[in-house]
Amino acid sequence: ININTTEKFHSMVDAIQTFHENQLNASDEFLRRKCLPKHLLEKLFKKSLKFEKMLFPDTPHDDQFLGKEAMKKDFDLASTTSLCALDVELALSEQVWQNFFNGKSEWND
């Protein structure tokens, strides 16, 4: 693949996104991720709670605090999505992506 212009780069990004959304139904099955280890995620969540307490000192933050539960739920989702990096090497080893890129001759000139 030879992406040597901004226009080609944006074209490639759009094509990948369209393929992922329309052909793969935006499935995470074909987008492997590298995520943080559990011990680092726990540390990060504790820091997030600490920061929350600093920002909102008048809000109760004990175990009965309902916001903590919602925060944990959001954090757990992020810990497997937005806090992870795409494992490009593993994703490109998938046959579906190899077929996709091999079919894009306009990127090979």
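**Questions about a predicted chain**

Reader: Let's start with Arg 32. Is it buried, partly exposed or exposed?
Author: Arg 32 has a relative accessible area of 30%. Buried means under 20%, exposed means over 50%, and partly exposed is what lies in between (1.4 Å probe, protein chains only). With its 30%, then, Arg 32 is partly exposed.

Reader: Before we go on, what am I looking at, and how are residues numbered?
Author: This is a predicted model, where local features need pLDDT of at least 70 and side-chain atom pairs count only at pLDDT 80 or more, while totals for chains, interfaces and linings use all residues. Side-chain values use heavy atoms, with hydrogens and water left out, and residues are numbered along each chain as its sequence is written, from 1.

Reader: Which residue meets the side chain of Arg 32 in a salt bridge?
Author: A salt bridge here is a side-chain nitrogen of Lys or Arg within 4 Å of a carboxyl oxygen of Asp or Glu. For Arg 32, the N to O distance is 2.9 Å. The partner sits in the loop between α4 (88-92) and α5, whereas Arg 32 is in the loop between α1 and β1, 62 residues apart. The partner is buried at 18% relative accessible area, and its name is Glu 94.

Reader: And what is the other partner of Lys 72's salt bridge?
Author: By this rule there are two salt bridges, and in the one with Lys 72 the closest N and O atoms are 3.0 Å apart. Lys 72 and its partner are four residues apart in helix α3, so about one helical turn separates them. Lys 72 is partly exposed at 35%, and partly exposed too, at 37%, is the partner, Asp 76.

Reader: How many helices and strands are there?
Author: Helices (H or I, at least four residues) and strands (E, at least two) are DSSP runs, numbered from the N terminus. Walk along the sequence and you meet them as α-β-α-α-β-α-α. Tallied up, that comes to five helices and two strands.

Reader: Which cysteine is joined to Cys 35?
Author: A disulfide is a pair of cysteine sulfur atoms within 2.5 Å, and here the S to S distance is 2.0 Å. It links distant parts of the chain: Cys 35 is in the loop between β1 (33-34) and α2, and its partner is in the loop between α3 (66-78) and β2 (85-86), 49 residues away. Cys 35 is partly exposed at 37%, whereas at 14% there is a buried partner, Cys 84.

Reader: What is the handedness of the disulfide of Cys 35 and Cys 84?
Author: The structure holds one disulfide. The torsion about its S-S bond is about 110°, so the disulfide is right-handed.

Reader: Which elements give two or more residues to the largest nonpolar core?
Author: A nonpolar core is a set of buried Ala, Val, Leu, Ile, Met, Phe, Trp, Tyr and Cys residues joined through side-chain atoms within 4.5 Å. The largest one here has nine: Met 12, Ala 15, Phe 19, Leu 24, Phe 30, Leu 31, Trp 97, Phe 100 and Phe 101. The elements that give it two or more residues are α1 (6-23) and α5 (95-102).

Reader: How many residues are in the other core, the one apart from it?
Author: Leu 41, Phe 45, Met 71 and Phe 75 are among its members. The full count for this core is five residues.

Reader: Where is His 20, and which residues is it in contact with, leaving aside neighbours within four places in sequence?
Author: His 20 is in helix α1 and counts as buried, because its relative accessibility is 12%. Contact means heavy atoms within 4.5 Å. Beyond its sequence neighbours, His 20 touches Asn 25, Ala 26, Ser 27, Leu 31 and Trp 97.

Reader: How far apart are the C-alpha atoms of Leu 83 and Leu 41?
Author: Leu 83 sits in the loop between α3 and β2 and is partly exposed at 34%. Leaving aside neighbours within four places, it is in contact with Leu 36, Leu 41, Leu 44, Phe 75 and Ala 78. Along the chain, Leu 83 and Leu 41 are 42 residues apart, yet their C-alpha atoms are separated by 9.3 Å.

Reader: Last one: what share of the chain's residues is buried?
Author: The chain has 109 residues. Of its contacts with a separation of 6 or more, 71% are between residues 24 or more positions apart. As for buried residues, their share is 23%.
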